[in-house]
Amino acid sequence: MSAPYFDEMSVGQVFRHELRRTITEADNVFFSALTHNPALLHLDEEYCRTETEFGQRLVNSAFTLGLMVGISVGDTTLGRAIANLGWDEVRFPKPLFHGDTVRVETEVLDLRESKSRPSAGIVTFVHRAYNQKGELVASCKRMGLQHKRPAPQGASA
(Lines give C-alpha, C1' and ligand atoms only; values in the text may rest on other atoms or scores of the structure.)
Protein backbone atom coordinates (compact mmCIF):
# COMPACT_ATOMS: atom_id res chain seq x y z
CA MET A 1 0.00 0.00 0.00
CA SER A 2 1.51 3.32 -1.06
CA ALA A 3 0.56 6.97 -1.17
CA PRO A 4 0.15 8.84 -4.45
CA TYR A 5 3.11 10.03 -6.47
CA PHE A 6 3.76 13.78 -6.67
CA ASP A 7 2.18 13.97 -10.14
CA GLU A 8 -0.97 12.17 -8.96
CA MET A 9 -1.83 14.90 -6.45
CA SER A 10 -3.69 18.15 -7.03
CA VAL A 11 -3.89 21.42 -5.14
CA GLY A 12 -7.00 21.41 -2.97
CA GLN A 13 -7.10 17.61 -2.72
CA VAL A 14 -8.24 16.53 0.75
CA PHE A 15 -7.42 13.25 2.45
CA ARG A 16 -9.79 12.26 5.27
CA HIS A 17 -7.71 9.66 7.04
CA GLU A 18 -9.63 6.62 8.25
CA LEU A 19 -7.13 5.84 11.00
CA ARG A 20 -8.15 7.36 14.35
CA ARG A 21 -6.52 7.11 17.77
CA THR A 22 -7.70 7.44 21.36
CA ILE A 23 -4.98 9.00 23.53
CA THR A 24 -4.11 7.08 26.68
CA GLU A 25 -2.41 8.17 29.87
CA ALA A 26 0.46 5.82 28.99
CA ASP A 27 0.95 7.54 25.60
CA ASN A 28 1.34 10.91 27.29
CA VAL A 29 3.50 9.81 30.21
CA PHE A 30 5.82 7.60 28.13
CA PHE A 31 6.28 10.25 25.43
CA SER A 32 6.98 12.97 27.99
CA ALA A 33 9.50 10.73 29.77
CA LEU A 34 11.17 9.61 26.52
CA THR A 35 11.66 13.21 25.44
CA HIS A 36 12.82 14.39 28.91
CA ASN A 37 9.91 16.78 29.26
CA PRO A 38 9.19 17.14 33.01
CA ALA A 39 6.35 19.68 32.60
CA LEU A 40 3.82 19.37 35.42
CA LEU A 41 1.06 19.97 32.85
CA HIS A 42 1.76 16.50 31.42
CA LEU A 43 2.77 14.52 34.50
CA ASP A 44 1.23 15.86 37.73
CA GLU A 45 -2.52 15.24 38.03
CA GLU A 46 -2.81 16.95 41.44
CA TYR A 47 -1.03 20.08 40.20
CA CYS A 48 -3.31 20.23 37.15
CA ARG A 49 -6.44 19.63 39.26
CA THR A 50 -5.66 22.40 41.76
CA GLU A 51 -3.45 24.90 39.91
CA THR A 52 -4.64 25.03 36.28
CA GLU A 53 -7.77 26.03 34.44
CA PHE A 54 -7.94 22.57 32.83
CA GLY A 55 -8.33 20.49 35.99
CA GLN A 56 -6.48 17.56 34.45
CA ARG A 57 -3.24 16.73 32.63
CA LEU A 58 -2.76 17.92 29.06
CA VAL A 59 -1.42 15.69 26.32
CA ASN A 60 2.11 16.72 25.34
CA SER A 61 1.80 18.90 22.23
CA ALA A 62 4.87 17.31 20.61
CA PHE A 63 3.07 13.95 20.86
CA THR A 64 -0.03 15.54 19.30
CA LEU A 65 2.05 16.89 16.41
CA GLY A 66 3.77 13.55 15.81
CA LEU A 67 0.49 11.64 15.98
CA MET A 68 -1.24 14.03 13.59
CA VAL A 69 1.50 13.72 10.99
CA GLY A 70 1.89 9.98 11.61
CA ILE A 71 -1.80 9.31 10.97
CA SER A 72 -1.44 11.08 7.60
CA VAL A 73 1.55 9.10 6.32
CA GLY A 74 -0.30 6.08 4.90
CA ASP A 75 -2.39 8.25 2.58
CA THR A 76 0.08 11.03 1.74
CA THR A 77 3.73 9.94 1.73
CA LEU A 78 4.14 6.21 2.43
CA GLY A 79 6.51 4.71 -0.13
CA ARG A 80 6.72 7.99 -2.05
CA ALA A 81 8.57 10.37 0.27
CA ILE A 82 12.22 11.15 -0.30
CA ALA A 83 12.55 13.56 2.61
CA ASN A 84 10.56 15.66 5.04
CA LEU A 85 11.64 19.26 4.37
CA GLY A 86 10.03 21.02 7.31
CA TRP A 87 7.02 21.98 9.37
CA ASP A 88 5.60 25.50 9.59
CA GLU A 89 2.75 27.24 11.34
CA VAL A 90 2.31 24.57 14.01
CA ARG A 91 -0.73 25.47 16.13
CA PHE A 92 -2.61 23.91 19.07
CA PRO A 93 -5.88 25.88 19.43
CA LYS A 94 -7.36 23.47 22.00
CA PRO A 95 -5.72 20.95 24.33
CA LEU A 96 -6.06 17.18 24.16
CA PHE A 97 -6.71 15.11 27.27
CA HIS A 98 -6.37 11.43 28.13
CA GLY A 99 -9.31 9.60 26.55
CA ASP A 100 -9.75 12.01 23.64
CA THR A 101 -9.97 10.45 20.18
CA VAL A 102 -8.08 12.14 17.35
CA ARG A 103 -9.03 12.15 13.68
CA VAL A 104 -6.99 13.88 10.98
CA GLU A 105 -7.48 15.36 7.55
CA THR A 106 -4.82 16.61 5.16
CA GLU A 107 -5.11 19.11 2.31
CA VAL A 108 -2.62 19.61 -0.51
CA LEU A 109 -1.82 23.34 -0.48
CA ASP A 110 0.89 23.57 -3.10
CA LEU A 111 2.80 21.48 -5.62
CA ARG A 112 6.00 22.58 -7.30
CA GLU A 113 8.66 20.91 -9.37
CA SER A 114 11.99 20.25 -7.69
CA LYS A 115 14.75 22.34 -9.31
CA SER A 116 17.47 19.89 -8.29
CA ARG A 117 15.65 16.57 -8.83
CA PRO A 118 13.70 16.14 -12.06
CA SER A 119 12.16 12.89 -10.77
CA ALA A 120 10.62 14.60 -7.71
CA GLY A 121 8.43 17.46 -6.60
CA ILE A 122 7.78 19.41 -3.44
CA VAL A 123 4.38 19.04 -1.81
CA THR A 124 3.03 21.39 0.83
CA PHE A 125 0.38 19.77 3.01
CA VAL A 126 -1.72 21.23 5.79
CA HIS A 127 -2.64 18.68 8.45
CA ARG A 128 -5.59 19.28 10.78
CA ALA A 129 -6.40 17.19 13.86
CA TYR A 130 -9.80 17.14 15.55
CA ASN A 131 -11.03 15.64 18.80
CA GLN A 132 -14.17 13.52 19.14
CA LYS A 133 -16.26 16.71 19.49
CA GLY A 134 -15.07 17.94 16.09
CA GLU A 135 -12.94 20.70 17.65
CA LEU A 136 -9.70 21.62 15.92
CA VAL A 137 -6.90 20.66 18.34
CA ALA A 138 -3.82 20.95 16.09
CA SER A 139 -2.68 22.02 12.64
CA CYS A 140 0.54 22.45 10.74
CA LYS A 141 1.95 22.91 7.28
CA ARG A 142 4.44 20.28 6.17
CA MET A 143 6.68 20.29 3.10
CA GLY A 144 7.99 17.09 1.62
CA LEU A 145 10.06 15.97 -1.31
CA GLN A 146 8.00 13.34 -3.13
CA HIS A 147 8.79 10.93 -5.95
CA LYS A 148 7.09 11.38 -9.32
CA ARG A 149 5.64 8.38 -11.10
CA PRO A 150 8.54 6.52 -12.76
CA ALA A 151 8.70 6.62 -16.55
CA PRO A 152 7.49 3.36 -18.14
CA GLN A 153 10.24 0.86 -18.96
CA GLY A 154 11.66 1.44 -22.44
CA ALA A 155 10.37 5.03 -22.65
CA SER A 156 12.84 7.47 -24.15
CA ALA A 157 13.73 10.71 -22.43
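Glu105 is buried, with a relative accessible area of 14%. Its side chain meets that of Arg128 in a salt bridge, 3.9 Å from N to O. The model is predicted. The salt-bridge count comes to 10. Three of these pairs, and one buried threonine, are set out below.

**Glu105 and Arg128: strand to strand**
- Glu105 lies in strand β4 (residues 101–113) and Arg128 in strand β5, so this salt bridge ties together parts that are 23 residues apart in sequence.
- The pair does not stand alone: salt bridges that share partners join Arg16, Glu105, Glu107 and Arg128 into one network.
- Arg128 counts as partly exposed because its relative accessibility is 23%, and the cut-off for buried is under 20%.
- Glu105, at 14%, is buried.

**Arg149 and Glu8: joining distant segments**
- Arg149 forms a salt bridge with Glu8, and the closest N and O atoms are 2.0 Å apart.
- Arg149 sits in the segment after β6 (136–147), while Glu8 sits in the segment before β1 (14–16), so the pair links parts that are 141 residues apart in sequence.
- Arg149 is partly exposed, at 47% relative accessibility.
- Glu8 is also partly exposed, with a value of 35%.

**Arg57 and Glu45: loop to helix**
- Arg57 pairs with Glu45 in a salt bridge whose closest N and O atoms are 2.6 Å apart.
- Arg57 belongs to the loop between α3 (45–51) and α4 (61–76), and Glu45 to helix α3, so the salt bridge ties together parts that are 12 residues apart in sequence.
- Arg57 counts as buried, at 10% relative accessibility.
- Glu45 is partly exposed, with a relative accessible area of 33%.

**Thr124: a buried residue in β5**
- Thr124 is found in strand β5, which spans residues 120–130.
- Thr124 counts as buried because its relative accessibility is 13%, and buried means under 20%.
- Leaving aside residues up to four places away in sequence, Thr124 touches Glu107, Val108, Leu109, Asp110, Arg142 and Met143.
- Glu107, one of these contacts, is also a member of the network with Arg16, Glu105 and Arg128.

**Background on the pairing**
- Side chains of opposite charge can pair when their charged atoms come close.

Technical notes
Residues numbered from 1 in each chain as written. Predicted model: local features only at pLDDT ≥ 70, side-chain atom pairs only at ≥ 80, totals over all residues. Heavy atoms only, no water. Helix = DSSP H or I, 4+ residues; strand = E, 2+ residues; numbered from the N terminus. Buried < 20%, exposed > 50% of the residue type's maximum accessible area, 1.4 Å probe, protein only. Contact = heavy atoms within 4.5 Å. Salt bridge = Lys/Arg side-chain N within 4 Å of Asp/Glu carboxyl O.
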